[in-house]
Amino acid sequence: MINKLKNLFISKGANYFIHPTAILYNKKNILLEANAEIWEYAIFRAQGAQITIGENTQIGPYTIMLSGDNGIKVGKNVMVGPHCVFASGNHEYRNLEVPMRFAGSFSNGPIIIEEDVWIGANCTITDNVHIGKGAIIGANSVVNKDVQPYDIVAGVPAKKIKSRLSL
């Protein structure tokens with residue numbers, strides 16, 4: 001099934017799938033490349049910067065992407081499991097004079113996921129994180145630091161377990 005959504009950036013000639021229950025806010029800041037898939041109940045909030053989903057990439061059910069001020073770029077051939085959160089921003093917690101809810105936000109940098117990455121279920125990816133080509137993120141991990149190409153990481157916070165290059 002191929003959907004067409006008004007005001008959504010689509011790579012030229014791209015086919016894509018967006019499940020009818022997925023919610024996409026500020027569609028003009030969302031770019032889907034050929035054969036991208038967004039599954040059940042995923043939520044994309046591209047309020048500030050752009051969210052880009054690469055060619056042949058699959059975003060699992062209930063995944064949330066919050067673009068913040070610096071955005072999210074997911075490369076091609078990426079698998080994102082269900083219930084993942086990509087948060088490219090933070091609540092402003094440093095100003096003690098204003099409740100955090102009303103103090104605004106900040107971001108230390110974008111989230112960048114290179115190609116051929118597998119992100120397991122229930123993972124959180126924070127702002128200013130770069131995940132290298134071919135990496136694997138174990139289920140239930142919190143990634144708050146860069147991941148090198150082909151590394152396998154897991155845990156809270158995520159730590160390197162081994163490299164796919166040494167298997």
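**Salt bridges, a buried Asn and a pocket**

Let's start with Glu-92, which counts as buried at 14% relative accessibility. Keep in mind that this is a predicted model. The cut-off for buried is under 20% relative accessible area, so Glu-92, at 14%, falls on the buried side of it.

What does Glu-92 pair with in a salt bridge? The partner is Arg-94, and the N to O distance between the two side chains is 2.7 Å. Arg-94 is exposed, its relative accessible area being 51%. Exposed starts at over 50%, so Arg-94 makes it into that class with its 51%. The bridge, then, joins a buried acid to an exposed base.

As for the general idea, side chains of opposite charge can pair when their charged atoms come close. How many salt bridges does the count come to here? It comes to three, with a cut-off of 4 Å between the side-chain nitrogen and the carboxyl oxygen.

Another of these links Asp-116 and Arg-164, whose closest N and O atoms sit 3.9 Å apart. Asp-116 belongs to the loop between β15 (111-113) and β16 (118-119), while Arg-164 is in the segment after β22 (159-163), so this pair ties together parts that are 48 residues apart in sequence. As for exposure, Asp-116 is partly exposed at 36% relative accessible area, and Arg-164 is partly exposed too, at 33%.

Then there's Asp-151 with Lys-160, where the closest N and O atoms are 3.5 Å apart. Is Asp-151 buried or exposed? Asp-151 is buried, with a relative accessible area of 8%. Lys-160, on the other hand, is exposed at 53%. Here again a buried acid meets an exposed base.

Now for a residue with a polar side chain contact. Asn-29 is found in the loop between β3 (23-25) and β4 (30-32). Asn-29 is buried, its relative accessible area being 14%. What lies 3.2 Å from a polar atom of the Asn-29 side chain? That would be the backbone oxygen of Ala-46.

Last stop: the empty space. Rolling a probe the size of a water molecule over the atoms shows where such space is left. The largest pocket has a volume of about 380 Å³. Its lining is made up of 17 residues, and Leu-66, Gly-68, Gly-89, His-91 and Ser-105 are the ones nearest the centre. How do the lining residues divide? Four are nonpolar, 10 are polar and three are charged. Gly goes into the polar group in this scheme, so Gly-68 and Gly-89, both in the lining, are counted there.

Conventions: Residues are numbered from 1 along each chain as its sequence is written. This is a predicted model: local features need pLDDT of at least 70, side-chain atom pairs count only at pLDDT 80 or more; totals for chains, interfaces and linings use all residues. Side-chain values use heavy atoms; hydrogens and water are left out. Helices (H or I, at least four residues) and strands (E, at least two) are DSSP runs, numbered from the N terminus. Buried means under 20% relative accessible area, exposed over 50%, partly exposed in between (1.4 Å probe, protein chains only). A polar contact is a pair of N or O atoms within 3.5 Å; within protein, one must be able to donate a hydrogen and the other to accept it, and residues adjacent in sequence count only if both atoms are side-chain atoms. On a 1 Å grid over the protein atoms alone, a cavity is a set of points where a 1.4 Å probe fits but cannot get out, and a pocket is an open set with protein on both sides within 12 Å along at least five of seven lines; lining residues have an atom within 4 Å of a point. Grid points are joined across faces, edges and corners, and a volume is the space filled by probe spheres set on the points.
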